[in-house]
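Student: I'm new to this one. Can we walk through it together?
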Number of protein chains: 2
Amino acid sequence: MRKVAVIGVGHSKFGVRKDVNLSELTYEAVKPALEDATVSMPDIDFVAFATVGGMYEESLPAVVAAEYSGFTGAGLVRCEAACASGSAAFYTSYLNVASGMSDLSMAVGMEKMTEVDTPTMMEMIGRAGSYLWEFHNFGMTFPAYYALYASAHMAKYGTTEEDLAEVAIKAHKYGAMNPHARFQKETDMDQVLSSFLVAWPLKLYDCSPICDGSAAVILASEEKAKELGIDTPIWVKGVGHSSDTANLSKRSDFLGLQASVTASRKAYKMAGVGPGDLDVANVHDCFTIAELLAYEDLGFAERGKAAEMVREGETEVGGRLPVNVDGGLKAKGHPIGATGCSMIYELTKQLRDEADSRKRQVPLKNNLALAHNVGGTGHYCYVTILER
Amino acid sequence: MRKVAVIGVGHSKFGVRKDVNLSELTYEAVKPALEDATVSMPDIDFVAFATVGGMYEESLPAVVAAEYSGFTGAGLVRCEAACASGSAAFYTSYLNVASGMSDLSMAVGMEKMTEVDTPTMMEMIGRAGSYLWEFHNFGMTFPAYYALYASAHMAKYGTTEEDLAEVAIKAHKYGAMNPHARFQKETDMDQVLSSFLVAWPLKLYDCSPICDGSAAVILASEEKAKELGIDTPIWVKGVGHSSDTANLSKRSDFLGLQASVTASRKAYKMAGVGPGDLDVANVHDCFTIAELLAYEDLGFAERGKAAEMVREGETEVGGRLPVNVDGGLKAKGHPIGATGCSMIYELTKQLRDEADSRKRQVPLKNNLALAHNVGGTGHYCYVTILER
């Protein structure tokens, strides 16, 4: 397998982006990624475009966004794996280069969730699992699915609402330092705990926001990266993927996401590293509980010990393993298709020692980072390990 | 790059399939593919699921269909490239094995177009291009797009309505021999020419039907194919992909599809073969004119000479290069996401000398076959060259 490097990344402002259409929003990430990689559009041989889409007027938007960005002629596919779509596109783009089919490939993720009204969007998100059985018959929404996991974790391990709130407080702290983040304000325990209840124990501040945004990643072969004189290629060291039952009723418990366990073990094995080797990670915190589950599923903490990690500041900058120090999905925002590529953007910047604020730049020791992107309620999972 | 073989294929009955839900329809292709490859579900490491979807109640159906087929745990992505989605999934699945990430990977395509009413489906298909500009503003539908190409070809090269009809007659002739085909009846010149006008010069019998169906392909590394004792592995010899402008108004002419030209040249180059070496081909005949364009774009005929090929029977079984002798999209049916995988099914059977009827088995000389799958009006194209 060929070595593959991330050589360019780009990121739009996340937020309510009524000021741009979906093509313009996509280009906001594509343009800086091309500049970062010092390549131009016709150099890119294959583009994997991530969007859950479906709900837009332009319902099959890949070709429209690609034309606007100047990719006409390149191989093109739209990748969808619910909230892990961005990582599925990254993986597809990675395979193009790793296999030898492409020397330069791009993954770009975009979502413009505010284009449809909120109830429609909530229903759309709820369809990520087994819609006809669980959503349609039982009225399960996406927060309700994760509330099952939160209440099970609380019952089994004594995790508290305050522990969940700590995750939100950390997210907002770092979101406030990230110019791309949707929420750039800190929050506190009172505000989180008193925010309105969505699905017990999850309150408004436990939930990632509906959001618009895009992120792009350019991947190159070792030879191409050399030829372009890339200063600091960031190598794709390991990738892993897995899926789980559509029906949550078929799972043995709600204490963790099996897909995260399987995908991360594959990625660790391929990279030849373990969780203790990582300098920084971005995990899928669509809800605060999801970040705690991730710590345990990915082997950052023992089962039942995730809350302790947050309480003791171990996942802050300067802690044992900084996690989501860009604000995470919770504060940075979660424009579904963009999220996976946004994680790679952040980790590439961290590994290059180029975080936008020194206050949130992690110290580099082993030059290793991990991205963990979940689709649905653990229906899909992709894990990527990067190395400087 | 590792050698990759098709080791198992499966195909559902195409037609109006109100008797099954989308998961059951998917499994109708998955089950025979697994049996053909002599593997079981847990052996499959990665599944690329093709469906344009979006219009179904179960709008993100990959995980639901995967659970039903027993793929829970495998890496999973849904691929969408409009009508080329099946080939995008095949390509993704191919990359998994070629790169060394997987030893066994599956591509499965499914569409259940009759689940929504026909006007909704027609609008959905019309969205494959630049919806907001051309469909929404000017009322262009999918037949209207291809009618532009047909009328331009007629004006430039003297192609006639009778020439288009010959393509339909050939399609129905072979569809009548194919137990999986939606239409299993022959047709004749009078019937085609007198069928109602959809968008001049395209009549009802010039159009592929709205249809339900599925097809599945299992890909393996050389070592895995050997280990399984596969008698006749069918090797993926070349692949090519391209895209074109979303807006048809930005194209220089309507005489051919540039994406088909580019994708096929890439595939020929990778395979080290030319159009003259092929024993059989399946091309994207969503409309009769599309088959003629394909002959010219793929280099089967000189520009303006495609109609001659059909008139002289060169693309019949026994002719110079048999094309779409399974009935093609026109008579076999075109369940969008399934089509790309259905082409690989047919060509694998042909190369194995296992066509379901001896009357439509092509003679094998070079043991080479080509699949050509277009998304939208040449918005996407994937070309695959297989070798026994």
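Tutor: Sure, a definition to begin with: axes are lines fitted to C-alpha atoms, for helices over the stretch in contact, and angles run from 0 to 180 degrees between N-to-C directions. Helices (H or I, at least four residues) and strands (E, at least two) are DSSP runs, numbered from the N terminus. This is a predicted model, where local features need pLDDT of at least 70, side-chain atom pairs count only at pLDDT 80 or more, and totals for chains, interfaces and linings use all residues. Residues are numbered from 1 along each chain as its sequence is written, and chains are lettered from A and ligands numbered from 1 in the order in which they are written.

Student: Is H6(A) parallel or oblique to H11(A)?
Tutor: In chain A, helix H6 (residues 142–157) packs against helix H11 (residues 288–297) at about 60°, their axes being 9 Å apart. Angles under 35 degrees count as roughly parallel, over 145 as roughly antiparallel, 65 to 115 as roughly perpendicular and the rest as oblique. So H6(A) is, relative to H11(A), oblique.

Student: How many residues of the contact of H6(A) with H11(A) are nonpolar?
Tutor: Residues are in contact if their C-beta atoms, placed from the backbone, lie within 7 Å. From H6(A) come Tyr146(A), Tyr149(A), Ala150(A) and His153(A), which meet Ile289(A), Ala290(A), Leu292(A) and Leu293(A) of H11(A). Ala, Val, Leu, Ile, Met, Phe, Trp, Tyr, Cys and Pro count as nonpolar, Asp, Glu, Lys and Arg as charged, and the others, Gly among them, as polar. None of the contact residues is charged and one is polar, which leaves the nonpolar ones at seven.

Student: What axis relates chain B to chain A?
Tutor: Copies are superposed by least squares on the C-alpha atoms of residues with pLDDT of at least 70 in both. Chain B lands on chain A after a rotation of 180° with 0.0 Å of shift along the axis (RMSD 0.0 Å). That is the relation of a two-fold axis.

Student: Which element gives the largest share of the side of chain B that touches chain A?
Tutor: The contact takes 46 residues from each of chain B and chain A. Among the elements giving two or more residues on chain B's side are helix H3 (85–98) and strand E3 (75–80). The largest share is six residues, and it comes from E3(B).

Student: Is Glu308(B) buried or partly exposed?
Tutor: Glu308(B) sits in helix H12 (residues 306–311) of chain B. A residue is buried if 20 or more other C-beta atoms (placed from the backbone) lie within 10 Å of its own, exposed if 12 or fewer, and partly exposed in between. Glu308(B) has 16 within 10 Å, so it is partly exposed.

Key:
Two residues are in contact if their C-beta atoms, placed from the backbone, lie within 7 Å.
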